[in-house]
Amino acid sequence: MVHRDKVTYGERDTRMSRRLIVGLTAVAVTATAIPAQAERAGSAFPSSAFPLGTAGATTKTQRTVAPGVDLFNVTHGKPTQGWTVSLLMPNGHDNGPLSTAQTVAAAAEAAGFTPSVLKIVQPAAADAPAVERYMVRIGLWTLKQRAKADKTVKELKKAGIRAKTDYLGDDGDQTTGPWDMRVVMVDPRTFKGSYRTSVGSSVAKRETTSSMSKQVKAIAGVNGGFFNIHTARALQGDPVGVSVVGGRLLSEGVPGRSALVITGRKARITELRAAVTAISSDGARIEVKGVNRAAGAEDLVLYTEEFGAKTAADGGTEVVFDARGRIVKVRAAGGAVPRGHQVLHGTGTMADWLYEHAWETWTLRIDTKVVDLRTGRAVPLTPETYVMGGGVGLLRNGRVRITAAADGHASVNMMLRRHPRTIVGVDRSGGLILVTVDGRNPGVSVGASMVEAAQIMRWLGAKQAINFDGGGSTAMVVRHKVVNRPSDGRERTVGDALFVTP
């Protein structure tokens, strides 16, 4: 996902500007401030004006899908923007430092084109400063004239200059939209079901949100957090963030990152730390570094029966133990996780530790803790406990607080351009709000930037909010059917998903 925006984050409204540098001429464009949180009672849809774009009518339709669960289709704005051409920097990105942008612009000018250097600002997050970057662009065409922009890209390629066609509505600059959203609101006073997450049939395998919905017999749901696309294809369902399903830790996550914590019908957003320790019957203890992921060098990874794939034959050592902790087998790395068992996989010196402290017929106890960093207390890992991480914190106590750096997304691409979004919030009455904002569909829906995602959730009345995986992953299902328009043209397979269940 790629993002560009112009509003700073924090507890007071501020303004940012972007400047178009054409020779000695500079044009400044300022962004609108984040509006106050909408006032509304309970889990009702807000009556205040849509917070993005220009003033005008917002179209809303409502459908009750279960007692206390309502689906809203929301559209606002109209298309007024068109196309441009963005030149790529030597590293393949469309932005860079001023000196690099000027060099790229000079090459385009020498080839007979008329480039402009555009200053953009990656907004300051709660934990990251603002960053100035520069783009080089050529031309401006209407929405119906994309072919002309594409032709310019081809001409630039012939001149040895890499470029791409860009839709201006994807920029984080001011826009008239349009926006096309789906919102599910759960009223805790009426709803009698519960919430849960799912990794599908296994951790390793990617599945669609709709297929997972059928497995858990959900009323509604959305795709979940980011998943690991940088591992072997068969293992890409592994959630990047912490994952707890029915009280079982299935992914260790990254300490300090935002997560959604669910217990039955209660949900909250906080920052977590997960710790896993292996304790041998001889009293030796060691930190387990990962859960249900590919092992690296000098690594110790725990595989549960939910893993759903064979462990790697990487020359390491594995200990297979049953539900009581009894070690039933010590084997060379590489094999299935038997039903009702777990496997501790060690490489390098971690394998040596297993040889020394994990013998057959001995016992091995796994101590698992998930700690809420806001309270310092452990999250009880009961069968009603579900945790979904891998997202970006947006709101805290009703205020915008985007934790881009802690959550691994403090970049121009992730912060400053509009994309399809999947957002989850909790309102002051404890109601759950699920939102998908369609995007990457010029003339139909522009998506949202990270700041705009926070604006939308404040408008909807969320007190806490988190941004999950978006782009082509964004999907909302109601009664197992996709109700938004995924930007890939079809539903993407993902790592996990969040559901409202009877």
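These are legends for a few views of a predicted protein model.

**View 1. The whole fold, with 6 helices and 33 strands**. Here helices are DSSP runs of H or I with at least four residues, strands are E runs of at least two, and both are numbered from the N terminus. The C-alpha trace spans about 75 × 55 × 40 Å along its principal axes. Residues are numbered from 1 along each chain as its sequence is written. As the model is predicted, local features need pLDDT of at least 70 and side-chain atom pairs pLDDT 80 or more, while totals for chains, interfaces and linings use all residues.

**View 2. Inside and outside of the protein.** Buried residues (under 20% relative accessible area, 1.4 Å probe, protein chains only) make up 57% of the 502 residues. The accessible surface (Shrake-Rupley, 1.4 Å probe) comes to about 20600 Å², and 51% of that belongs to carbon and sulfur atoms.

**View 3. Residues 365-501, a span with a UniProt label.** The unreviewed UniProt entry lists this stretch as "domain: Phosphodiester glycosidase"; such annotations may be inferred rather than shown by experiment. The span is 10% helix and 36% strand, and its end C-alpha atoms sit 33 Å apart.

**View 4. Val254 in its loop**. This loop runs between strand 14 (248-251) and strand 15 (258-263). Val254 has 35% relative accessibility, so it counts as partly exposed, the class between 20% and 50%. Leu272 is 18 residues away from Val254 along the chain, and their C-alpha atoms are separated by 8.1 Å.

Terms used
Heavy atoms only, no water.
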